[in-house]
Amino acid sequence: MVERFRCQLVSWKDIERWSKNIVKEVMKSGYEPEIVIGLARGGLVPARLIADYLNIKDLYAVKTEHWGLTATPDGKAKLAQGLQISIDGKRVLVVDDITDTGQSLKLAVDHIKGHNPSEIRSATLLHITHSKYVPDYYSDEVPEDKWTWFIFPWNVYEDMRNLIPKTLYGPKDRYEIKNALKEQFQIDVRIRIISEVLRDLAKRGIIKKNGNKWELVK
């Protein structure tokens, strides 16, 4: 069965716009965080941008793990790396890229609360309405019936390594793969990126080339 779901390639301009929208909301609310904590991996870049815009020097990270293959949750969220510094009595802003299930952000916030901040609030670039956790701040809301897998600029190659094999239900050349990505996932991916990912997948023994066509290794 051919797998299909909606994806969207996110641009760096989107990231900048969404991050600035969050900063506006934080400032409008009167909240003055002293520390920004990003969730590794997806929240690291937004956290750095937001800290820069808010002129916050103290930027740290915790790591949660939830998603395995692209668009596939890998069981329950788990804490892979906790907070390593003291935030006792500090106002904290926790940042991630998106709340989809909301499990990762809730897990991180609960963990950070245990380090005795004076106040903690959370922010994500995007919030999907079916999430069980709602951040204090977000730029754009995605209705549940418009669910989309967002491919962020820092995650393009990882997602392509997962999506391209889904197009190889039969042998295809690069241009046929490009068309299949459009048809199955509604994304227009540059041939250069497709070519680089194909070479990487071949090195990993996931696909092989037969003439000018690529196919899965059985």
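Where is the place of Ser 104? The points below take up this residue, then the whole chain, then helix α5.

1. Ser 104 lies in helix α3, which runs over residues 103-113. The model is a predicted one, and what follows should be read with that in mind.

2. Is Ser 104 buried or exposed? Its relative accessibility is 13%. Because buried means under 20%, Ser 104 counts as buried. Leaving aside residues up to four places away in sequence, Ser 104 touches Leu 39, Thr 64, His 66 and Ala 77.

3. The chain as a whole contains six helices and ten strands. Along the principal axes, its C-alpha atoms fill a box of roughly 65 × 30 × 30 Å. The chain has 218 residues, and 46% of them count as buried.

4. The surface that the chain exposes comes to about 11,500 Å². Carbon and sulfur atoms supply 47% of that area. As for contacts between residues at least 6 apart in sequence, 66% join residues at least 24 apart.

5. The chain is divided into two parts: domain 1 covers 11-147 and domain 2 covers 154-216. The C-alpha centres of domain 1 and domain 2 are 31 Å apart. Ten residues from domain 1 and five residues from domain 2 take part in the contact.

6. Helix α5 (residues 174-185) allows a simple check of length. It has twelve residues, and at 1.5 Å a residue it should span 16 Å. The expected span uses one less than the number of residues. The C-alpha atoms at the ends of α5 are 16 Å apart, so the model agrees with the expected value.

7. Which residues of α5 are buried? They are Ile 177, Lys 178, Ala 180, Leu 181, Gln 184 and Phe 185. These residues are on the same side of α5, because they cover an arc of only 165 degrees around the axis.

8. What covers the buried residues of α5? The cover includes two strands, β1 (7-9) and β10 (213-216), together with the helices α4 (156-167) and α6 (191-203).

9. Both ends of α5 have a local detail to look at. At the start of α5, a side-chain oxygen of Asp 173 comes to within 3.0 Å of the backbone nitrogen of Tyr 175. Just after α5, Gln 186 has a positive phi of about 60 degrees.

Technical notes: Residues are numbered from 1 along each chain as its sequence is written. This is a predicted model: local features need pLDDT of at least 70, side-chain atom pairs count only at pLDDT 80 or more; totals for chains, interfaces and linings use all residues. Side-chain values use heavy atoms; hydrogens and water are left out. Helices (H or I, at least four residues) and strands (E, at least two) are DSSP runs, numbered from the N terminus. Buried means under 20% relative accessible area, exposed over 50%, partly exposed in between (1.4 Å probe, protein chains only). The arc is that of the directions from the helix axis to the C-beta atoms. Contact means heavy atoms within 4.5 Å. A polar contact is a pair of N or O atoms within 3.5 Å; within protein, one must be able to donate a hydrogen and the other to accept it, and residues adjacent in sequence count only if both atoms are side-chain atoms. Accessible areas come from the Shrake-Rupley method with a 1.4 Å probe; for residues, only the protein chains shown count as cover. Domain bounds come from an automatic or database domain assignment.
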